[in-house]
Amino acid sequence: MLSAELLSQLPALGADFRQAQPFRHVVIEPFFEPAVAERLLDQFPAFERGDARSENGTLGGKSCYPMIAGLGGIYRELDRNIQSPEFLAQLSQLTGIEELRYDPDYFGGGTHENRRGQELDPHVDFNRHPGYGWYRRLNLIIYLNNEWSPEWGGGLQLHRDPRSPQDEIITVEPRFNRAILFETHDHSWHGFPLIRTPDERPELSRKSIALYFYTEQPPGSHRGPDHSTIYVDRPLPSYFQPGRQLDEADCAELARHIARRDQHLQRIYGDVARVTTELNEARQALAASRVERLARIVHRGLRRLGWTARS
């Protein structure tokens, strides 16, 4: 399924991957053989067929279909291909990361479709698979957009540090049959700005296939705790300066930033509430087990003394 150009350039692509900034990555184009890419686009699932709920549980403009083998056709072939020893070995050759594992659950991955008005704040991904405990090592994203213009937004941005005023950003436009492969760790910050496709072209959307790969053992640099996805809210545009008179568009931009920050806070509050509940339940279970254990010890002691329970 992979393009002949990719296969013939694995050593050179590997060198690009190792030298890239702001963290290790490589852009590959074309990724699939042209006929394969066309079939993947032709059989891309309808927006309504995927899950369009956000991390906050609300319906939005992003639809995901994780278990791509269930789509049949070319997607079943793709599923078979990416879990094959040959493909995993090619990824290892390119990146230098050995013993890579395919994710049969496609947790967070699969087909992604983002409509006008969607954006993705800079973030680092969760670092452990929630089901298997594996360590997340690589993201592979393949774009399937025959028509895309930089002014429409939606280009994948790689950040050195989105919290820093000296942040450096590399942008990868989501062009057809272009892929980006990047290493995932606690400073692989990435996201994409607001999609602003033309009003008169409502059929346009940002389509991609996201594939994630893991290792059973942690990377040598792994030192931090397990974590879920960590977001950084985008700063206000630079034109918000003292003395500026706000117009309608400025107010809409401010409202959008505040709404996104509120969504992130609500998600964090929900996580804290869930963890607090689980902690309290664990404490209650532990206390109950201690009472039961103490009762058994007392009961055995009384029996040894020849006492019996009285009704």
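In what order do the five strands of the open sheet run, and is their pairing parallel or antiparallel? Keep that question in mind while loading the model, which is a predicted one, and begin the tour by displaying the strands.

**Stop 1: the open sheet**

Reading across the sheet, the order is 9-8-11-6-13, and the pairing is antiparallel. Select residues 169-172 for strand 9 and residues 230-231 for strand 13, since these are the edge strands, each of which pairs on one side only. Then add residues 120-124, which make up strand 6, and look at how strand 6 and strand 13 run in the antiparallel sense with two bridges between them. Within that pairing, label H123 and look across to strand 13, where Y231 stands opposite.

**Stop 2: helix 3 against helix 4**

Next select residues 34-42, which form helix 3, together with residues 73-82, which form helix 4; their axes come within 8 Å of each other and cross at roughly 120°. That angle makes helix 3 oblique to helix 4, and the crossing in which helix 3 passes helix 4 is left-handed. To see the contact itself, show the side chains of V36, R39 and L40 on helix 3, and those of I74, Y75, E77 and L78 on helix 4. Coloured by class, the residues of this contact divide into five nonpolar and two charged, with no polar residue among them.

**Stop 3: helix 2 against helix 5**

Move now to residues 10-19, which are helix 2, and to residues 85-95, which are helix 5. Here the axes lie 7 Å apart and the helices pack at an angle of about 55°, so helix 2 and helix 5 are oblique to each other. On the helix 2 side select L10, L13, G14, F17 and R18, which meet Q90, Q93, L94 and T95 of helix 5. By class, this contact has four nonpolar, four polar and one charged residues.

**Stop 4: an aromatic pair**

A search of the whole structure for aromatic pairs finds eight. Among them, select F87 and F213, whose rings are 6.0 Å apart from centre to centre, with 45° between their planes, and which form a tilted pair. The two residues belong to distant parts of the chain, with F87 in helix 5 and F213 in strand 12 (residues 206-215), 126 residues apart.

**Stop 5: backbone details in the loops**

Finish by displaying the backbone, for which the following expectation is useful: most residues other than glycine have a negative phi, and most peptide bonds are trans. Select Q21 and P22, which are joined by a cis peptide bond with omega of about 10°; P22 lies in the loop between helix 2 and strand 1 (25-28). Continue to E29 and P30, where the peptide bond is again cis, with omega near 0°, and where P30 sits in the loop between strand 1 and helix 3. The last selection is Y106, a residue other than glycine whose phi is positive, with a value near 50°; look for Y106 in the loop between strand 4 (101-102) and strand 5 (110-114).

Terms used: Residues numbered from 1 in each chain as written. Predicted model: local features only at pLDDT ≥ 70, side-chain atom pairs only at ≥ 80, totals over all residues. Heavy atoms only, no water. Axes fitted to C-alpha atoms, helices over the stretch in contact; angles between N-to-C directions. Helix = DSSP H or I, 4+ residues; strand = E, 2+ residues; numbered from the N terminus. Parallel < 35°, antiparallel > 145°, perpendicular 65-115°, else oblique. Left-handed = near helix turned anticlockwise from the far one by under 90°. Contact = heavy atoms within 4.5 Å. Nonpolar A, V, L, I, M, F, W, Y, C, P; charged D, E, K, R; others polar. Pairing = 2+ DSSP bridges. Phe/Tyr/Trp six-rings, centres within 6.5 Å; stacked < 30°, edge-to-face > 60°.
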